[in-house]
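User: Could you take a close look at one buried spot for me and work outwards from there? I'm a first-year student, so please explain each term as you go.

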Amino acid sequence: MRLKKTTLTWMVLGLVAAGLYMARAPISMAIAKRVATQRLSSDPLRGLPDGLHVAICGAGSPMPDEQRGGPCTMVIAGQQIFVFDAGNTSARNINKMGFNAGNIHSIFLTHYHSDHIDGLGELMLQRWVSNSNAEPVKVHGPIGVETVVNGFLQAYSLDRGYRVAHHGDAVLPNKGFGAIAKSFALQDDKATVVFENADTRITAFSVSHAPIHPAVGYQIRYKDRSMVISGDTTPSAHVQREAQGVDLLVHEAMSTDLMALIQEGAHEAQRDKLAQLMKDILNYHTTPQEAADIASKAQVNFLLLNHVAPPLPLPGLVDVFLKGTSDIFKGKIQVAKDGDFLSLPAGQKIIQTSSRY
Ligand SMILES: [Zn+2]
Ligand SMILES: [Zn+2]
C-alpha cells in the first residue's frame with residue numbers, strides 16, 4: 001500500500017512536470033512580459049537615496065577579461081547620470097545594471113586610447129533611441145575629443161538615416177542623433193571646471209600617461225560627497241592633490257607581478273614582440289601598491305582599484321594583485337568588477353557596496 005502511494009505520488013509529479021514542460025513557451029512568454037513591463041516602467045534612480053553613486057560599467061583594460069569590460073564608470077549625482085569613458089561594454093552593462101542609457105546627462109572621456117572610446121558609438125546610439133532624445137549627448141574631453149566624436153558621427157551617419165527613415169522623426173528625432181564634442185583646456189597648477197550646477201561640480205586635471213597627451217582624471221563633487229577618477233596614469237602628484245580628503249578614489253591598477261607572468265609565458269611561447277608589448281605597458285600605469293600609497297597620502301576613505309590588468313580569473317590572483325596594499329592603505333580597498341555599485345548618501349560618511357548583477 002505504502003509502495004503504491006509513493007508510486008502514485010511520483011506519477012502525479014511526473015505528469016505535472018510534463019505539463020509544465022509542454023507549456024514552457026507560454027509560461028516563459030508570461031514571465032518575459034511581466035519582466036519587460038517592470039523594467040520599462042521602473043526608474044532605478046528614484047529608488048536611490050540622494051547622494052553620489054558609482055556603477056562600474058567596465059572595470060577592465062584592453063586585455064580580454066570575462067569579468068571586466070572596457071573602461072566605463074557611471075556616476076550618479078542626485079538624479080543626473082554622468083558616464084566616464086566609453087569602453088566596449090558600456091551600453092550593455094549600463095542596461096544590465098537596470099539603468100536606462102537614454103537618461104545619460106553627459107559623457108566625459110579621460111583620453112583617446114581605443115579601450116576608452118570603442119563603445120562610444122553604441123553608447124550614443126542607445127542614449128538617442130532609448131528615450132527618443134531630441135538633443136545629442138555632450139561628450140566632454142581634453143583637446144582631441146572633436147576628432148573622436150566626429151569619427152563616430154561619420155561611421156554612424158548611414159545608420160542614422162536608416163533608423164529615422166524606418167521609425168519616423170516623431171519617434172526618433174533626427175536632430176537628437178549622435179553627440180556634441182565639448183573640449184576643454186587644462187592648467188598645470190590647478191583643475192579645470194568642466195561642469196557645474198547648484199549641487200554638482202566636475203573638474204578635470206592632467207595626469208601622467210606619456211606618450212599620451214592629453215590624459216586627464218576627474219574629480220566629482222555632489223553636495224558633501226566627493227570622489228576622484230584617476231584615468232590612466234603612472235603615480236601622479238595631480239591625482240594625489242585632487243584626491244586629498246575625498247570619500248572615494250577610483251584608481252587604475254596594473255599588477256607588475258602578474259604582467260611578468262604573462263611576459264614569461266610569451267617568451268616561452270617564442271612570442272617576443274608580445275612579451276615586449278607586455279613590458280612596455282607597465283611604464284604608463286600604476287601598481288595596486290602605488291595606488292594604495294596615493295590613497296594613503298591623500299587620506300581618502302575608500303580605494304576602488306579599476307582598469308584592472310591583467311585579468312584575475314582565479315580568486316588566488318586577487319590576493320596576488322592586492323599583495324601588501326592593506327599595509328600601505330588602512331581604509332577599505334576593493335578590486336572593481338563589472339556591476340559593482342557604491343553608494344555615498346549625502347549628509348552621511350558611509351560608503352555602501354553592492355553588485356547590480
Ligand atoms: Zn586604458
Ligand atoms: Zn590609456
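Analyst: H307 counts as buried because 31 C-beta neighbours sit inside 10 Å of it. The cut-offs are simple: 20 or more other C-beta atoms within 10 Å of a residue's own make it buried, 12 or fewer make it exposed, and anything in between is partly exposed, with C-beta atoms placed from the backbone. Keep in mind that this is a predicted model, where local features need pLDDT of at least 70 and side-chain atom pairs count only at pLDDT 80 or more, while totals for chains, interfaces and linings use all residues. As for labels, residues are numbered from 1 along each chain as its sequence is written, and chains are lettered from A and ligands numbered from 1 in the order in which they are written.

H307 belongs to strand β12. (Strands are DSSP runs of E with at least two residues, helices are runs of H or I with at least four, and both are numbered from the N terminus.) The backbone does something curious here: phi of H307 is near 50 degrees, a positive value in a residue other than glycine. Most residues other than glycine have a negative phi, and most peptide bonds are trans. Just along the chain there is another oddity, a cis peptide bond between A309 and P310 with omega about -5 degrees. P310 itself lies in the loop between β12 and α12 (315-322).

Now zoom out to the sheet. β12 is one of seven strands in an open sheet with mixed pairing, in the order β7-β8-β9-β10-β11-β12-β13. Two strands count as paired if DSSP finds at least two bridges between them. At the edges you'll find β7 (192-196) and β13 (332-335), each pairing on one side only. Ignoring direction, neighbouring strands of this sheet are turned by 20 degrees against each other on average. Angles like this run from 0 to 180 degrees between N-to-C directions, using lines fitted to C-alpha atoms, which for helices cover the stretch in contact.

Within that sheet, β10 (residues 225-229) and β11 (residues 248-254) run parallel and are joined by three bridges. M227 faces L248 of β11. Lying across β11, β12 (302-309) and β13 is helix α11 (residues 288-298), which runs at about 160 degrees to β11.

The loops of this region have their own quirks. K223, in the loop between β9 and β10, also has a positive phi, near 50 degrees, without being a glycine. Unlike a buried residue, K223 is partly exposed, because 17 other C-beta atoms lie within 10 Å of its own. There is also a cis bond from A210 to P211, with omega near 10 degrees, and P211 is placed in the loop between β8 (200-206) and β9 (216-222).

Next, the helices. α9 (residues 256-268) has 13 residues and spans 18 Å from first C-alpha to last, close to the 18 Å expected at 1.5 Å a residue; the expected span is 1.5 Å times one less than the number of residues. Right after α9, Q270 takes a positive phi of about 60 degrees. Then comes a helix pair: the axes of α9 and α10 (residues 272-281) come within 7 Å and cross at roughly 165 degrees. The two helices are therefore roughly antiparallel, the label for angles over 145 degrees (under 35 is roughly parallel, 65 to 115 roughly perpendicular, and the rest oblique). Their crossing is left-handed, meaning the near helix is turned anticlockwise from the far one by less than a right angle; clockwise would be right-handed. The contact involves M259, I262, Q263, A266 and H267 of α9 and D272, L274, A275, M278 and K279 of α10. Two residues are in contact if their C-beta atoms, placed from the backbone, lie within 7 Å.

Finally, the model has another open sheet, with eight strands in the order β6-β5-β4-β3-β2-β1-β14-β15 and mixed pairing. β6 (179-184) and β15 (352-355) stand at its edges with a single partner each, so one side of each has no neighbour in the sheet. The twist averages 20 degrees from one strand to the next. β1 (residues 51-58) and β14 (residues 340-345) run antiparallel and are joined by five bridges; A55 has F341 of β14 as its bridge partner.
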